[in-house]
Amino acid sequence: MNPVRQRNRLLPWYIGIAIVIPAVIYVGYQLRASDCTVPTPAVFLVLVAIPIVYLVLMYLTLTSQR
């Protein structure tokens with residue numbers, strides 16, 4: 001029988017970070033470059049709050065699994 005290889009439980013979280021960070025940087029750049037008149041709270045929500053909440057919930061889910 002082949003031995004079962006343990007994989008890192010946080011690998012999907014690392015992949016998520018690798019996707020979220022460049023996406024946030026790109027959206028922030030586009031908002032800055034286009035002189036968008038979106039209100040500051042909306043920009044904060046899109047560029048900071050939502051990615052942080054997503055990553056925290058994803059981390060908690062992955063670390064609670066056995």
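Accessible areas here come from the Shrake-Rupley method with a 1.4 Å probe. With that settled, I note that I am working on a predicted model, and I looked up the exposed surface of the protein, which comes to about 5,800 Å², with carbon and sulfur atoms supplying 68% of it.

**Entry 1: overall form**

I asked how many helices and strands the protein has. I found two helices and zero strands. I then looked up the radius of gyration, and for the protein it is 17 Å, whereas a compact globule of 66 residues would have a value near 11 Å. Along the principal axes, the C-alpha atoms fill a box of roughly 60 × 20 × 10 Å. I also looked up burial, and of the 66 residues of the protein, 14% count as buried.

**Entry 2: how the helices pack**

In general, two packed helices are described by the angle between their axes and the distance between the axes. I therefore looked up both values for this pair. Helix 1 covers residues 11–33 and helix 2 covers residues 40–64, and the two pack at an angle of about 180 degrees with their axes 11 Å apart. Angles over 145 degrees count as roughly antiparallel, so helix 1 is roughly antiparallel to helix 2.

Which residues of helix 1 meet helix 2? On the helix 1 side I listed Pro-12, Trp-13, Gly-16, Ile-17, Val-20, Val-24, Val-27, Gly-28 and Leu-31. On the helix 2 side their partners are Val-43, Val-46, Leu-47, Pro-51, Tyr-54, Leu-55, Met-58, Tyr-59 and Leu-62. Sorting the residues of this contact by kind, I got 16 nonpolar, two polar and no charged.

**Entry 3: Leu-55, from the contact**

I picked Leu-55 from helix 2 as one of the residues that meet helix 1. Is Leu-55 buried or exposed? Its relative accessible area is 14%, and since buried means under 20%, Leu-55 counts as buried. Leaving aside its neighbours within four places in sequence, Leu-55 is in contact with Trp-13, Gly-16, Ile-17 and Val-20, and these four are among the helix 1 residues that meet helix 2. I also looked up Leu-55 and Ala-18, which are 37 residues apart in sequence and 11 Å apart in space, C-alpha to C-alpha.

**Entry 4: Leu-45 and Val-48**

I next took two further residues from helix 2, namely Leu-45 and Val-48. Leu-45 has a relative accessibility of 44% and counts as partly exposed, because that class lies between the cut-offs of 20% and 50%. Val-48 has 32% and also counts as partly exposed.

What does Leu-45 touch, leaving aside its neighbours within four places in sequence? I found Ile-50 and Pro-51. For distances, I noted that Leu-45 and Arg-9 are 36 residues apart in sequence and 28 Å apart in space, C-alpha to C-alpha. Val-48 and Tyr-59 are 11 residues apart in sequence, and their C-alpha atoms are 17 Å apart in space.

**Entry 5: Arg-32 and Asp-35**

Here I turned to a residue of helix 1, Arg-32, and to Asp-35 in the loop between helix 1 and helix 2. Arg-32 is exposed, with a relative accessible area of 71%, and Asp-35 counts as exposed at 66% relative accessibility. Both are put in that class because exposed means over 50%.

I looked up how far Arg-32 lies from Gln-6, and the two are 26 residues apart in sequence and 43 Å apart in space, C-alpha to C-alpha. For the backbone of Asp-35, I noted that phi is near 50 degrees, a positive value in a residue other than glycine.

Terms used. Residues are numbered from 1 along each chain as its sequence is written. This is a predicted model: local features need pLDDT of at least 70, side-chain atom pairs count only at pLDDT 80 or more; totals for chains, interfaces and linings use all residues. Side-chain values use heavy atoms; hydrogens and water are left out. Axes are lines fitted to C-alpha atoms, for helices over the stretch in contact, and angles run from 0 to 180 degrees between N-to-C directions. Angles under 35 degrees count as roughly parallel, over 145 as roughly antiparallel, 65 to 115 as roughly perpendicular and the rest as oblique. Contact means heavy atoms within 4.5 Å. Ala, Val, Leu, Ile, Met, Phe, Trp, Tyr, Cys and Pro count as nonpolar, Asp, Glu, Lys and Arg as charged, and the others, Gly among them, as polar. The radius of gyration is taken over C-alpha atoms; the globule rule is 2.2 Å times the number of residues to the power 0.38. Buried means under 20% relative accessible area, exposed over 50%, partly exposed in between (1.4 Å probe, protein chains only).
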